[in-house]
Amino acid sequence: MNAKVVRVGEAARQPAMRGIDLVADLVAGTMGPAGRAVLVGRNHAPPLLLRNGYAIARNLELGFA
Amino acid sequence: MRDLAWRTSDAVGDGTSTAILAARAFVRAGRLAALSGIAPSELQAAIDAHSTAVLEALEAASCPAPEAAVLERVATQALGGDAALGALLAEAHLQAGSDGMVVIEEGRARRTPCASTPGCISTRAGSRRISSTMRAPGRSRSRTR
């Protein structure tokens with residue numbers, strides 16, 4: 001069985017907050033009529049310029065913090 | 001966050017970035033409240049009360065689907081300032097109606113045709129009532145419900 005990482009209280013909230021902040025910061029720049037795109041790199045394919053919050057969130061994969 | 005964005009995209013089709021930013025603000029405030037010793041059950045009741053108030057305010061501020069001229073301006077803005085395409089998109093939306101579905105497809109032709117198909121089309125995602133299809137040259141595929 002895989003060992004579990006146990007975190008309680010603020011130590012548990014902080015990594016989650018980091019991830020949430022990361023997505024939100026990436027997406028914030030795409031907002032509005034003058035929003036800019038986010039460049040997403042892919043394996044064996046040309047990178048993508050995305051301006052859609054869902055598409056950006058879907059492409060984001062973070063290792064265990 | 002991904003699930004939230006997916007649900008927003010599925011239910012509304014737009015506003016995913018706004019939803020993500022709102023969620024971040026929500027989590028920040030909730031964390032602050034939890035840190036300052038507010039009981040989670042109290043917090044839940046407060047969140048429910050406030051979200052009801054916000055929904056009521058939004059409901060009061062909303063207006064019915066605008067007339068053609070306003071729709072055309074919105075469409076032009078959404079297409080990045082292309083007035084001709086904006087007029088076509090507004091027309092497509094008017095043909096489809098507020099419950100219809102407008103699909104923009106990438107095309108290789110020189111002009112941009114607009115076709116409307118009344119009736120029910122069964123797709124995997126469900127059924128569309130009236131659909132209005134537009135083929136724009138060199139435009140990426142996107143869907144508007």
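Trainee: In which order do the elements of chain A run from the N terminus on?

Mentor: Walk along the chain and note each helix and strand in turn. This model is predicted. Chain A runs α-β-β-α. That gives two helices and two strands.

Trainee: How much of chain A is buried?

Mentor: Count the neighbours around each residue. In chain A, 11% of the 65 residues are buried. Look at the contacts too. Take those in chain A with a separation of 6 or more: 25% of them join residues 24 or more positions apart.

Trainee: Now the two chains. How many residues does each chain give to the contact?

Mentor: Chain A gives 16 residues and chain B gives 15. On the side of chain A, the elements that give two or more residues are α1 (10-28) and α2 (53-59). The largest share, eight residues, comes from α1(A).

Trainee: What classes of residue make up that side of chain A?

Mentor: Sort them by side chain. There are 10 nonpolar, three polar and three charged residues.

Trainee: Turn to chain B. At what angle do helix α1 and helix α2 of chain B pack?

Mentor: Compare the directions of the two axes. Here α1 (residues 2-11) and α2 (residues 16-35) of chain B pack at about 140 degrees, with their axes 9 Å apart. Angles over 145 would count as roughly antiparallel. At its angle, α1(B) is therefore oblique to α2(B). The crossing is right-handed.

Trainee: Which residues meet there?

Mentor: From α1(B) come L4(B), A5(B), T8(B) and S9(B). They meet T16(B), A19(B), I20(B) and A23(B) in α2(B). By class, this contact has five nonpolar, three polar and no charged residues.

Definitions and conventions
Residues are numbered from 1 along each chain as its sequence is written. Chains are lettered from A and ligands numbered from 1 in the order in which they are written. This is a predicted model: local features need pLDDT of at least 70, side-chain atom pairs count only at pLDDT 80 or more; totals for chains, interfaces and linings use all residues. Axes are lines fitted to C-alpha atoms, for helices over the stretch in contact, and angles run from 0 to 180 degrees between N-to-C directions. Helices (H or I, at least four residues) and strands (E, at least two) are DSSP runs, numbered from the N terminus. Angles under 35 degrees count as roughly parallel, over 145 as roughly antiparallel, 65 to 115 as roughly perpendicular and the rest as oblique. A crossing is left-handed if the near helix is turned anticlockwise from the far one by less than a right angle, and right-handed if clockwise. Two residues are in contact if their C-beta atoms, placed from the backbone, lie within 7 Å. Ala, Val, Leu, Ile, Met, Phe, Trp, Tyr, Cys and Pro count as nonpolar, Asp, Glu, Lys and Arg as charged, and the others, Gly among them, as polar. A residue is buried if 20 or more other C-beta atoms lie within 10 Å of its own, exposed if 12 or fewer, and partly exposed in between; C-beta atoms are placed from the backbone.
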